[in-house]
Every structure is written in structure tokens, then in C-alpha cells.
Amino acid sequence: MAKRKKTNDALMAARDNKSDEFYTQYDDVAREVEAYLDYDPDTFRDKTVLLPCDDPERSNFTRYFVRRFDALGLKKLVSTSIAAHGETRGRIFTLSRGETPPAAPRWGYLDGDGDFRGAEASRLRDEADMIVTNPPFSLFREFVAWIMAAGKKFLIIGNQNALTYKEFFPYIQSNRVWLGVSITGGDRAFNVPDAYPLEALTCGVDEQGRKFIRVKGVRWFTNLEHGRRHQPLPLMTMAENRRSSPHKLIRERGYPRYDNYDAVEVSYTDAIPSDCGETMGVPITFLDKYCPEQFEIVGLDRYTVPKEKLIGGRVAIGGKPCYARILIRKKTGGA
Ligand SMILES: C[S@@+](CC[C@H](N)C(=O)[O-])C[C@H]1O[C@@H](n2cnc3c(N)ncnc32)[C@H](O)[C@@H]1O
């Protein structure tokens, strides 16, 4: 618990300070991108990919897409960063089909500061087929709005807390955005600037002497198709769950109804019953297993239950608020 709190404190500090400098590891980028190829080897073929928050000198997104440019069949790669290093202009690196990939990082300068919200970055966005990056935590909402306004395909990494943002949840609910493939739990290491204070227990220094921090609740968000999200969850009936669920709470308490909303509490995703035709409240981590052919998302507790009925901002049982709950219903005919 103490460990978890420290990680969250570090994340909050990054957000509050607007430092936003958490750098993604090469293997995390590679594992996720390659997973889309398993589903469709041509996911990136003939595409222009923009990496809009990626310093060409140090980004592992840039490094990965340069190395895999031909194998992915890319048409063009554009990597830009916001002005840093005491410079007033942002950096840009491009690689087009037919050009020789550079052996070492190289870049030129943008006309402006490289802020993704500026006209120059928006023009590059409009010319791209796909946006891939780890955007700044503090600007996550704006970043997603920027992508969606242009109707682009995207793959971005961020914190699962974003799922419950008022601006973001509707995209999930309407199946315009979903979770990626390779991260469904645990924590991930991100490199941080040398000046980053190593106060949390989950910080360290890697074998290359670079500082890192381990962050919980990391997820990929995307509108790129992948196979896993179409695999239905295997379900047991309510009676079977009550008899043999691995969760004591389900065996002993079963499926109570909420005090303040007409739905059934299902405290664990792996205890969702196959024979419940009613609305069910499930943990947010259900979205890691969400198959849109099997379930429809009715809403999120705090945006769906009338405000005056919420207890501690949540659905409740016996007057006690539950954790955040996604409200779902099984589709008729779904597996
Ligand atoms: C979370 S870091 C990730 C960096 C890189 N994408 C990676 O994963 O290694 C976000 C980056 O966005 C940059 N940034 C912050 N505000 C920005 C903005 N308005 N426009 C573009 N980049 C921004 C930060 O300086 C930071 O380097």
C-alpha cells in the first residue's frame, strides 16, 4: 500500500509540476506495435506516422519506427518535439520511403515551438494517417481532442485513470476508442530526466545509468483494430459462480443490488454471470477484457446515476459506496 501511494505521489507530482517528462521504454513500444501486426500485418503499410511529442534525439518511439520502417512498410515517419534544451524552436525528423535511415539520431528545426496545439503541428497531423506517442500527462484530454478532431488513427500510452475522464469515457462507451493489447496490469518503467528526484520506492537507476520510475495503471489506448478485443469472456452462471468462484465475496455474498441504482453489483470481472439480463456494475479493469460483441456499456456510475442519488459519488450497497463501476449489459445473442 505504501509502495503504491509513493508511485501515485510521483505521478501526481509530474502532473502538478507539468514536468510531463516520462520516457517510454523501447520494448514497451515494440511489444504493442508488433501486436497489431499479428492481427493485420498491413496495419502500418503505406502509412504516414506522426510522433508528435518525441524528441528525435532520445525518443524510443522514433528509434523503433526508424528501425522497423521497411518491415512495417511505412511511407513516411515524422517525429517532432516541443522546444527544449534552451532552444526556442521545436525539432523535427522525417524519414520517407527510399531514404536511407540515419545511423545516429539527426534532426532539423520546426518554424515554431513544436507545441502540438500549434498550427504547424496540426498541419503535420492532418498530413499523417496515424498518431503514435506517449503524450504529456497534464494535456491528455487536449491531446485526445486534437487527434479526434482530425479523425485520425492513433496509438497512445497513458494512465488508466483517463478512462473515467468525462471527455474520454464517451469514446470508450461508443467503441470509438478501446484499450490496446500488451498491457493489462502490473507496472511499467519509464525513464525520467536526470534532475528527477528519486524519492519514491519505485524509482531506480538502470544499467545504462539512466533514472527510471515504475508506474502502475499504465495502458495503451487506440482505435486500431486488434483481435483480442473480439474474444468473448468465458462466463459461468450465477449459481455456478456462487458455488465455485475463486472469490470468497462472490461465494458468500453473491450479487447484491445497489441502494441507489437499478443494477447488480459484480465485484470481479471474472465473476460476471452468463445468465444476468440486467444492468451490472463492474470494476474499471473490465475494459481490459471488454468484447463489444458480448457486452454493451451503459455508462459509468458517476455520469449515469442521477447526481442526487450518488453516495460518495458512487453506487452503494448498504449505504457504503463501491469503487468506481462501469455499468454494462450482456448483449442478447452475445457469447
Ligand atoms: C510523457 S513525455 C513522453 C515523451 C516521449 N513520447 C516518450 O514516450 O518517450 C511527453 C513529452 O511531451 C512533451 N510536451 C509537453 N507539452 C507538450 C506540447 N504542448 N506539445 C508537444 N509536446 C509536449 C514533453 O516535453 C515530453 O517530452
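## A tour starting from threonine 48

Begin by selecting threonine 48, which is found in strand S2, the strand that covers residues 48-51. Keep in mind throughout that what you have open is a predicted model.

With threonine 48 still selected, ask whether this residue is buried, exposed or partly exposed. Threonine 48 has 18 C-beta neighbours inside 10 Å, and because a residue needs 20 or more to be buried and 12 or fewer to be exposed, threonine 48 counts as partly exposed. Now add leucine 74 to the selection: although threonine 48 and leucine 74 are 26 residues apart along the chain, their C-alpha atoms are separated by 6.5 Å. If you leave aside the neighbours within four places in sequence, threonine 48 is in contact with Lys75, Lys76 and Val78, and also with Glu127, Ala128 and Asp129.

Next, turn to the ligand and display the residues around it, of which there are 20. Which of them come nearest? They are Tyr23, Thr24, Cys53, Asn134 and Pro136. Two elements, S1 and helix H3 (60-67), give two or more residues each to this shell. If you colour the shell by residue type, you should find 9 nonpolar, 6 polar and 5 charged residues.

From the ligand, follow strand S1 into its sheet, an open one of 4 strands with antiparallel pairing, in which the order is S1-S9-S11-S10. Strand S1 (23-24) and strand S10 (203-205) are the edge strands, each pairing on one side only. Select S10 together with strand S11 (residues 211-216), and you will have two strands that run antiparallel and are joined by 3 bridges. To look at one pair of partners, pick valine 205, whose bridge partner in S11 is lysine 211.

Now zoom out until the whole chain is in view, with its 10 helices and 18 strands. Its C-alpha atoms fill a box of roughly 65 × 45 × 40 Å along the principal axes. The radius of gyration is 22 Å, which agrees with the value near 20 Å that a compact globule of 335 residues would have. Buried residues make up 36% of the 335 residues, and among contacts between residues at least 6 apart in sequence, 65% join residues at least 24 apart.

Finally, colour the chain by pLDDT, which averages 92, with 93% of the residues scoring at least 70. Then select residues 1-19, where pLDDT stays under 50 and for which the model has 23 contacts beyond four places in sequence.

Notes: Residues are numbered from 1 along each chain as its sequence is written. This is a predicted model: local features need pLDDT of at least 70, side-chain atom pairs count only at pLDDT 80 or more; totals for chains, interfaces and linings use all residues. Two strands pair if DSSP finds at least two bridges between them. A residue is near a molecule or strand if its C-beta atom, placed from the backbone, lies within 6 Å of it. Ala, Val, Leu, Ile, Met, Phe, Trp, Tyr, Cys and Pro count as nonpolar, Asp, Glu, Lys and Arg as charged, and the others, Gly among them, as polar. pLDDT is the predictor's confidence in each residue, from 0 to 100. Two residues are in contact if their C-beta atoms, placed from the backbone, lie within 7 Å. The radius of gyration is taken over C-alpha atoms; the globule rule is 2.2 Å times the number of residues to the power 0.38.
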